[in-house]
Structure formats: structure tokens, C-alpha cells
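The report that follows begins with one buried side chain and its surroundings, and then widens to the charged pairs, a sheet and the chain as a whole.

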Amino acid sequence: MNSFKRIATILALAATTLLSACSKTVQWEEEVPLNTGETIWVKRSVVYSLKGAGGNPFDIGYGQDKTEMLSFQWGGKKYVYEGEAALMLLAISPQKQPVLVAPAADRGWDWNHNYYCATPHYVQFVPDASGREWPWPPEIEPWVYGMSHNLMRQRRKPEEMKTRYTAQQRDEEDRILSIQTPSRVTIDAKHISKNCKKRG
């Protein structure tokens, strides 16, 4: 190995070590109007890690990790979700149970869980008795069709995140996403997967 390759290897290893050691956890609360007419406050947190840009590992900046955490209290019980889905909706089912909904393709969740052909292409999480495990049925239930998001989708840089967001502030943060891809903020009963033919 020539000296240039050796130096490049050392620098790459040093960069990888630094990136894995540097992270920031950002926590905030959101005002969440429920479909029952109630309003609750939900606690959320995400981890930002230093990452190199694609094609240039030395162009380093903070990027959000896939896993996020959400917790809330409803009906006298605490619920905690931790996972990779890009959550958009917290709603109360006709059976008086909280559920979480996310666009299935966001962050590659559908590919990672063999869920690429469910139509409409969203995933619905239903808590178990502990309120900490969230299995999902084969497809979302029709009662959530047409519902608009009540969980913030967009993220700013760690230093720009507030510690508290009202529902109005959330809508402002997600305004551009609402215009560009409405199916990511409102549950569209006709939304289909572009990956179904590739993986189905």
C-alpha cells in the first residue's frame, strides 16, 4: 500500500470514529388534536448524528437517524413508540384504542418489513397491552381514510428545533410538504406503492 492510500485509509477510519461518537438527541413536545375532539401533548425525540455527504465523506453535517421515539398519555395509560416509521397520525379507533399511522414507503420502512404491496400504502400500528410494542395489521383500516396528519413530519437542523410546537406551528413546518406530496400528510385511500411491482 503506498503512502497516499495509507493516509487516506487512516483519515477515513478517523472520520468514521468521530462520526459514530458525535450525536445529539433532540426532544420536543407537540400539541396534537385527536379525532375525538380532545387535544393532548405528545413528547417526541430523534437522534442526529454527524454524517458524511454521499460521494464526499468529508462534507460532514448533522442528519437525522431513522429511529425516533414518541410518548403520550391517553385514557389514563402511557404509550411509547420507538421505531423507524415516519409517523404522521395519532388517532383513536372506534374501539377506543390509540393507533399510529405512517406512509409505508418513507425511510424504506416497507422494504425492511416486506410490506411493499399494501394498498393504500400506509402502515397502521396498534399497541399491545403494555403500550410499548406496536404490531401492525396487513393494511390500514378504512376509518382512517381521509384523515390529515397531526404529527409533525418535517425536521429542522438540531439547533433550530424548538422545545414545543403548537398545532398551528406544526402545520406551518409541514406546509411545503403538504403542497408537494399531499399523500404524506393526508391519508389517501388510492395511494399505491411504486415498489410493489419491483418487490411483489
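Leaving aside residues up to four places away in sequence, His 149 touches Met 88, Arg 170, Asp 171, Asp 174, Ser 178 and Val 185, where a contact means heavy atoms within 4.5 Å. His 149 lies in the loop between S7 and S8, and with a relative accessibility of 9% it counts as buried; the classes are buried under 20% relative accessible area, exposed over 50% and partly exposed in between, with a 1.4 Å probe and protein chains only. The side chains of His 149 and Asp 174 are joined by a polar contact of 3.0 Å, a term for a pair of N or O atoms within 3.5 Å in which, within protein, one must be able to donate a hydrogen and the other to accept it, while residues adjacent in sequence count only if both atoms are side-chain atoms.

The model is predicted, so local features need pLDDT of at least 70 and side-chain atom pairs count only at pLDDT 80 or more, whereas totals for chains, interfaces and linings use all residues. Residues are numbered from 1 along each chain as its sequence is written, and side-chain values use heavy atoms, with hydrogens and water left out.

**Charged pairs**

A salt bridge is taken here as a side-chain nitrogen of Lys or Arg within 4 Å of a carboxyl oxygen of Asp or Glu, and by this rule the count comes to 11. The table lists three of these pairs, including one formed by Arg 170, a residue that His 149 also touches.

| Salt bridge | Closest N to O |
|---|---|
| Glu 68 and Arg 107 | 2.9 Å |
| Arg 153 and Asp 106 | 2.6 Å |
| Arg 170 and Asp 171 | 2.8 Å |

In the pair of Glu 68 and Arg 107, Glu 68 lies in strand S3 (residues 56-74) and Arg 107 in the loop between S6 and helix H2 (109-112), so this salt bridge ties together parts that are 39 residues apart in sequence. Glu 68 is buried at 1% relative accessible area, while Arg 107 is partly exposed at 24%.

The pair of Arg 153 and Asp 106 also links distant parts of the chain, since Arg 153 sits in the loop between S7 and strand S8 (164-165) and Asp 106 in the loop between S6 and H2, 47 residues apart. Both partners are buried, Arg 153 at 10% and Asp 106 at 12%.

In the third pair, Arg 170 is buried at 4%, whereas Asp 171 is partly exposed at 37%. Salt bridges that share partners also join Glu 30, Arg 44, Glu 68, Arg 107 and Arg 155 into one network.

**Sheet and overall fold**

Helices (H or I, at least four residues) and strands (E, at least two) are DSSP runs numbered from the N terminus, and the protein has 5 helices and 8 strands. Their order along the sequence is α-β-β-β-β-β-β-α-β-β-α-α-α.

Strands pair if DSSP finds at least two bridges between them, and an open, antiparallel sheet of 3 strands has the order S5-S6-S7. Its edge strands, each pairing on one side only, are S5 (89-92) and S7 (122-125). Strand S6 (residues 98-103) is joined to S7 by 4 bridges, and Val 101 stands opposite Gln 124 in S7.

Of the 200 residues in the protein, 39% are buried. Among contacts with a separation of 6 or more, 53% are between residues 24 or more positions apart.
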